[in-house]
Amino acid sequence: MTRRALAALLTAVAAVLGLGVASAATPALAAPPFGATVLIGTGGITWTDVSEEATPNLWTLLRDGSSAAMSIRSVDTNTCPVDGWLGVSAGGRAAGPRQGTGPVKERPCAPLEEPTDGVVPQWQTYVEAAASRKFDARLGMLGEAAAASDVCIKPVGPGAAIAASMADGTVDRYSPWSDETLLVDLNTCPLTIVDVGSVRDPEDVAEGETAPGASRSAQVAEVDKRIGAVIEAAPGGADFVVASLSDAGRTERLRLAVARGPNFGPGRLDAPSTRQPGLVQAQDIPVTVMAVTGIDVPTGLGGTRMTSDPAPDNSERRARERLQKLVDYDLASHEVHSLVPPFFNTFAYGQLVIYLLVLLVWKGKIGGPDTRRRVLGVVRVVAVAAASVPASTFLANLLPWWRFPVPMVSIVGAVGLFVALIAFAALRGPWGRAALGPLAFVAAVTMAVLAGDVITGSRLQQSSLMGLQPVVAGRFYGMGNVTFALFATSSILLATAVSSFLVKARRPRVAAAVVLALGVGTVVIDGAPFWGADGGGPPAYIPGIAYLVLSILGLRMTWQRVLLIGLGSVGLFFGVALLDWLRSPDDRSHLGRFIQSILEGDALDIVVRKAEQNWSILLGNAPLTLLVPAALLFVIYVLARPTSWGSRGLGKSADAAPTLRAGLIALVITLTIGFLINDSGTAIPAVGATVAVPLIVSVVVRTLQDDLRAVAPTRRARRS
């Protein structure tokens with residue numbers, strides 16, 4: 001790569017980063033508590049069910065109140081009505097046992113039952129189920145917190161009884177749903193919780209569950225009618241919070257949340273727990289209800305208080321605009337969720353075909369020199385395009401692909417558009433002729449897209465093919481395992497390309513300094529609680545980039561240096577986590593909450609749960625997932641033995657890139673550690689390979705093309 005090409009590449013990177021950085025919005029200030037609150041709980045309703053004609057009461061709440069899409073993920077893939085109400089009771093993720101046997105998603109939900117003699121039926125079963133899941137669900141938290149603050153709760157309906165019960169399952173002041181007594185029931189306590197019934201889709205419920213006799217639309221209309229009755233009977237000046245707490249059947253989706261009252265005027269609901277405008281989670285509901293009623297909120301809860309971001313007015317036009325955004329949230333998350341498995345399968349198998357083609361050409365199994373040269377040209381283009389796919393899956397969310405009638409076609413088209421733009425720039429730019437030029441460009445663009453996204457709020461990641469899935473609720477912002485794998489891999493590849501250029505120019509110290517600066521920037525963006533908020537990323541990335549810096553300087557990796565790097569990585573993690581913990585509870589990321597769990601003695605449950613999750617993923621899809629650690633071991637073997645056939649194959653490429661071998665070893669170190677220390681860590685090396693392998697293939701192919709060009713004149717001379 002020439003100096004001019006390097007300068008052009010760095011200028012392009014700076015331009016992309018400059019476009020991606022923007023200041024964070026200041027959250028709206030919450031009003032002081034008013035006291036009277038009515039929580040109306042339902043289930044199975046999404047914003048796509050809401051309209052002026054079909055649901056007039058929900059429409060009025062949308063127009064005059066604050067609204068959001070809501071992630072209701074509890075413990076299992078889909079959420080039953082019992083699970084949703086247990087979550088309100090615990091202020092966190094909880095779930096009751098399912099009926100029958102087989103996969104949880106295919107098992108019918110248990111019905112809600114009226115309390116008997118002031119006790120919630122099956123309470124002890126719920127407690128045992130919650131304890132077995134290691135989510136630290138404290139059933140009865142809401143009831144106990146209200147009692148400690150001397151605030152009474154009036155529960156109406158069986159789900160409300162679960163939410164309002166004490167830790168022993170007892171519930172006071174309970175009333176079943178009754179139109180005749182509703183006026184009295186809703187004027188009894190400062191906090192009223194009403195179960196207006198849940199929608200169960202007859203076409204989506206699990207086999208063995210009794211399907212409702214009414215159609216889905218009829219059930220939605222009945223729930224809307226009951227919501228209107230509650231609002232009419234409730235005391236004036238109350239805050240109303242309506243939450244769809246469960247799924248309608250086996251299919252998981254985002255549901256609705258809307259609030260109206262003194263604390264919630266016309267506008268949008270926001271929650272610090274998600275950091276996404278107009279997106280909240282079910283765990284925010286009990287925290288918000290307690291906060292606006294004047295109940296002291298216990299520490300250690302997963303949710304935060306929702307606030308209202310006011311709209312200019314409550315006109316019908318504004319309401320329709322808000323509804324369209326909420327429907328977009330629902331449709332994008334729902335459509336992409338089903339597209340992820342076929343996308344990954346097609347992408348993975350497509351790359352295998354590319355690598356097989358390269359191997360056949362490499363071994364001389366396809367055609368003569370002219371044919372191989374043409375095939376290699378095609379393979380290089382395809383490899384660069386394949387490496388451009390991950391960044392393009394995020395950029396695709398700049399286009400509303402989910403509104404297209406055939407989502408698979410529209411999202412493939414959106415991704416393909418950005419792949420074409422990135423690959424064209426990588427191959428046709430001034431850096432395109434250099435062996436490491438396209439590698440450096442694609443890696444830089446991928447880094448810029450991901451860095452710009454997390455700095456500006458992780459908007460592109462939401463409901464993207466390789467990003468964050470709100471319906472899964474693993475995380476809502478920052479760097480998850482997939483994003484970290486892409487970011488770290490691109491960072492190390494870019495560092496390898498730049499350092500190779502500088503080392504060839506006999507400037508190793510400058511190369512080491514540049515790599516170190518790039519590494520520091522990567523760690524800051526990935527680990528900062530206000531950006532990447534990634535606890536497992538820096539401890540995996542730092543050893544890899546440290547190895548690359550030492551290799552550039554010609555220093556051996558001794559055991560003392562390994563220990564120092566390891567201790568430094570762990571110390572950095574706990575230092576950042578401690579600083580995050582010092583912030584207010586609502587502002588903490590999961591790093592600060594982990595420190596809090598250590599103080600409360602719950603950290604071991606979190607570690608065990610994540611380890612069990614990783615192990616189950618590794619073995620649950622065997623033998624496919626077992627290929628990940630096997631492939632890592634194979635790559636480690638190839639790179640560790642200079643005489644192996646794999647290293648000999650990369651030898652000529654290493655001549656053009658002096659730090660290529662060290663960079664690949666650094667990458668393997670990072671991906672291996674990331675695989676071992678993160679929950680769902682199998683995704684890290686697998687996803688990192690989607691960028692690394694095609695880019696390395698493009699480098700090797702370019703070297704082979706140069707060899708064929710050098711051999712061609714000699715062969716023509718011999719023929720003549």
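These exercises work through a predicted model, each with a stepwise solution.

**Exercise 1. The chain overall**

Task: State how many helices and strands the chain has, and describe its burial, contacts and exposed area.

Solution:
- Start with the elements. The chain holds 23 helices and nine strands.
- Next, burial. Of the 720 residues, 55% are buried.
- Then contacts. Take those between residues at least 6 apart in sequence; 72% of them join residues at least 24 apart.
- Finish with area. About 30,300 Å² is exposed, and carbon and sulfur atoms supply 63% of it.

**Exercise 2. The nonpolar cores**

Task: Find which residues of the largest nonpolar core touch the most other members.

Solution:
- The largest core has 97 residues, and Leu-465, Leu-486, Leu-493 and Leu-548 touch the most other members.
- Helix 14, residues 481–504, gives the most to this core, with 14 residues.
- Now take Leu-486 and set aside neighbours within four places in sequence. Its contacts are Pro-390, Phe-394, Thr-446, Leu-450, Met-466, Val-687, Thr-690 and Val-691.
- Another core, of 48 residues, lies apart from the largest one; Val-88, Val-171, Leu-245 and Val-289 are among its members.

**Exercise 3. Helix 15 against its expected span**

Task: Compare the end-to-end distance of helix 15 with the span expected at 1.5 Å a residue.

Solution:
- Helix 15 covers residues 508–527, which is 20 residues.
- The expected span is 1.5 Å times one less than the number of residues. For helix 15 that gives 28 Å.
- The end C-alpha atoms are 28 Å apart, so the two values agree.
- Now list the buried residues of helix 15: Ala-511, Ala-512, Val-515, Gly-519, Thr-522, Val-523, Ile-525, Asp-526 and Gly-527.

**Exercise 4. Helix 12 and the patch**

Task: Check the reach of helix 12, then identify which residues make the nonpolar surface patch of about 420 Å².

Solution:
- Helix 12 has 22 residues. From first C-alpha to last it reaches 31 Å, close to the 32 Å expected at 1.5 Å a residue.
- Its buried residues include Pro-407, Ser-410, Ile-411, Ala-414, Val-415 and Phe-418.
- The patch is made by Phe-404, Val-406, Met-408, Val-409 and Val-412.
- Place Phe-404. It sits in the loop between helix 11 (369–395) and helix 12 (407–428).
- Classify Phe-404. Its relative accessibility is 42%, so it counts as partly exposed.

**Exercise 5. Two positive phi angles**

Task: Locate Arg-173 and Ala-533, and decide whether each is buried or partly exposed.

Solution:
- Recall the background. Most residues other than glycine have a negative phi.
- Arg-173 is not a glycine, yet its phi is positive, at about 60°. Ala-533 is not a glycine either, and its phi is about 50°.
- Arg-173 lies in the loop between helix 6 (158–164) and helix 7 (182–185). Its relative accessible area is 45%, so Arg-173 is partly exposed.
- Ala-533 lies in the loop between helix 15 and helix 16 (537–552). Its relative accessible area is 0%, so Ala-533 is buried.

**Exercise 6. Gly-261**

Task: Place Gly-261 and find which residues it contacts beyond its neighbours within four places in sequence.

Solution:
- Gly-261 is in the loop between strand 6 (255–260) and strand 7 (267–270).
- With a relative accessible area of 24%, Gly-261 is partly exposed.
- With those neighbours set aside, Gly-261 contacts Ala-238 and Asp-239.
- Gly-236 is 25 residues away along the chain, and the C-alpha atoms of Gly-261 and Gly-236 are separated by 9.3 Å.

Note on methods. Residues are numbered from 1 along each chain as its sequence is written. This is a predicted model: local features need pLDDT of at least 70, side-chain atom pairs count only at pLDDT 80 or more; totals for chains, interfaces and linings use all residues. Side-chain values use heavy atoms; hydrogens and water are left out. Patches are made of residues with over 30% relative accessible area and no salt bridge: like charges are joined within 9 Å, nonpolar side chains (Val, Leu, Ile, Met, Phe, Trp, Tyr) within 5 Å. Accessible areas come from the Shrake-Rupley method with a 1.4 Å probe; for residues, only the protein chains shown count as cover. A salt bridge is a side-chain nitrogen of Lys or Arg within 4 Å of a carboxyl oxygen of Asp or Glu. Helices (H or I, at least four residues) and strands (E, at least two) are DSSP runs, numbered from the N terminus. Buried means under 20% relative accessible area, exposed over 50%, partly exposed in between (1.4 Å probe, protein chains only). A nonpolar core is a set of buried Ala, Val, Leu, Ile, Met, Phe, Trp, Tyr and Cys residues joined through side-chain atoms within 4.5 Å. Contact means heavy atoms within 4.5 Å.
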